[in-house]
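Trainee: I'd like to practise reading a model with you. Could we start with the ligand and then work outwards?

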Amino acid sequence: MKLAPLTPLDDAICVIDQTRLPFTCAKLTLAKLEACAQAIETMQVRGAPLIGATAAFGIALAMRTDASDAALEQAVARLARTRPTAVNLHWALARMATHLRPVPPALRAAAAWTEALAVHAGDIAANLALGQHGARLLSQAASTLARPLRVMTHCNAGALATCGWGTALAPVYVAQQQGIAVEVWVSETRPRNQGLLTAWELAEAGVPHTLIADNAAGHLMRQGLVDIVITGADRIAANGDTANKVGTYLKALAAREHGIPFYIAAPTSTVDAHCPTGDAIPIEARSADEVQVLHGLDDAGQAASLRIFSGACANPAFDVTPAALITGIFTEHGLHTPARITESLQR
Ligand code: MRU
């Protein structure tokens with residue numbers, strides 16, 4: 001997998017500015033805690049696992065300026081305020097803080113960088129492993145068909161949302177390497193259109209795909225044009241209820257109605273054993289501007305915005321899919337029954 005959304009440098013990290021995709025693939029160098037925090041807030045970096053890794057490097061960069069106990073706690077608090085729903089952020093911050101608190105301040109900067117590198121490498125390894133588990137399922141499903149397997153996904157849970165491989169798209173990429181014919185239905189994912197990121201990275205990887213308006217998903221399922229739905233997750237509660245980008249729930253409902261299996265793919269850093277059910281997952285409310293203003297290119301190929309509405313808007317960025325609608329959850333450890341996710345991970 002060639003696409004690397006976050007590359008550690010000697011004294012900074014280099015990330016792809018996702019607010020400029022799919023039109024321009026621009027890189028940003030983040031060398032300070034505050035730059036990492038702002039990149040997460042503005043969604044220049046986004047996707048649960050990538051947010052977690054960026055936060056880990058944010059702590060490591062902060063320790064290079066001031067490695068005191070107070071600076072460590074301030075860095076954790078600053079990053080924890082950036083985005084509320086993806087638990088990978090809090091997982092990474094807790095991992096960094098737990099690792100660094102016993103380390104003497106003189107040694108903290110080096111220890112922090114090593115730990116952030118481990119978070120980064122661990123995410124790539126976890127995603128590849130869950131991709132291999134998922135690809136076995138895709139291979140089985142494809143073997144019964146005389147045409148390519150049709151997978152539907154929502155938002156971007158590909159390489160761009162992680163340190164590599166992606167979550168929902170990792171099984172697709174592994175299947176592609178194994179020569180299994182897969183086509184992807186990519187839903188646009190209003191209001192921020194992360195589906196365009198998915199289409200961009202599938203095009204880069206040479207995976208056949210088709211972009212659809214979110215509202216077309218039920219129609220395609222009813223016509224028998226979808227074999228399986230796979231999405232990522234921002235937080236999986238202890239009972240298997242799963243928060244993901246808003247619109248995921250509607251896809252799960254439609255998939256249930258049409259007997260289509262609906263899977264979640266996520267590393268275990270997305271499982272929140274302290275969160276009993278989906279009702280306890282904080283759902284990010286984002287700016288009305290995201291619903292009211294469209295961004296794209298004008299006829300001259302220049303970046304342009306278009307206001308389509310000025311009235312009242314609500315913009316919940318995530319929704320919760322109840323465990324009962326989820327056929328299974330892939331993690332790096334294999335396939336789990338949603339309602340038993342926590343006990344199966346403890347074994
Ligand atoms: O608001 P975003 O773009 O950060 O939301 C991303 C998603 O909802 C993804 O589906 C989720 O983080 C899984 S990423 C592998």
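Trainee: How many residues surround the ligand, and which are the closest?

Mentor: A residue counts as near a molecule if one of its heavy atoms lies within 4 Å of it. Here 19 residues surround the ligand, and the closest are Arg46, Arg83, Asp234, Asn244 and Lys245. Keep in mind that this is a predicted model, where local features need pLDDT of at least 70 and side-chain atom pairs count only at pLDDT 80 or more, while totals for chains, interfaces and linings use all residues. Residues are numbered from 1 along each chain as its sequence is written, and side-chain values use heavy atoms, with hydrogens and water left out.

Trainee: Which side chains have a polar atom by an oxygen atom of the ligand?

Mentor: A polar contact is a pair of N or O atoms within 3.5 Å; within protein, one must be able to donate a hydrogen and the other to accept it, and residues adjacent in sequence count only if both atoms are side-chain atoms. Asn244 places a polar side-chain atom 2.7 Å from a ligand oxygen, and for Gln194 the distance is 2.9 Å. Lys245 has a side-chain N or O atom 2.7 Å from an oxygen atom of the ligand. As for cover, the ligand taken alone exposes 410 Å², and the protein buries 100% of that (Shrake-Rupley accessible area, 1.4 Å probe; for residues, only the protein chains shown count as cover).

Trainee: Now the sheets. What is the strand order in the sheet that holds strand 1?

Mentor: Helices (H or I, at least four residues) and strands (E, at least two) are DSSP runs numbered from the N terminus, and two strands pair if DSSP finds at least two bridges between them. This open sheet has three strands in the order 1-2-3, with antiparallel pairing. Strand 1 (6-8) and strand 3 (27-30) are its edges, each pairing on one side only. Strand 2 (residues 13-16) is joined to strand 3 by four bridges, and Ile16 stands opposite Lys27.

Trainee: What lies across those strands?

Mentor: Helix 2 (residues 48-65) does, running at about 25° to strand 1. Contact means heavy atoms within 4.5 Å; axes are lines fitted to C-alpha atoms, for helices over the stretch in contact, and angles run from 0 to 180 degrees between N-to-C directions.

Trainee: And which strands stand at the edges of the 11-8-9-14 sheet?

Mentor: That one is an open sheet of four strands with mixed pairing. Strand 11 (271-272) and strand 14 (318-321) have a single partner strand each, so one side of each has no neighbour in the sheet. Strand 8 (residues 235-237) pairs with strand 11 in the parallel sense over two bridges, with Ile236 opposite Val271. Helix 9 (residues 248-257) packs on the sheet, touching strand 9 (242-245) and strand 14, and makes about 30° with strand 14.

Trainee: Where should I look for backbone oddities?

Mentor: Try the loops. Leu21 and Pro22 are joined by a cis peptide bond with omega about 5°, and Pro22 sits between strand 2 and strand 3. The bond from Arg190 to Pro191 is also cis, omega near 10°; Pro191 lies between strand 5 (182-187) and helix 7 (195-205). Met43, in the loop between helix 1 (33-41) and helix 2, has a positive phi of about 65° although it is not a glycine.

Trainee: Last one: how is the chain divided into domains?

Mentor: Into domain 1 (6-123) and domain 2 (146-345), with bounds from an automatic or database domain assignment. Their C-alpha centres lie 24 Å apart, and the contact takes 26 residues from domain 1 and 31 residues from domain 2.
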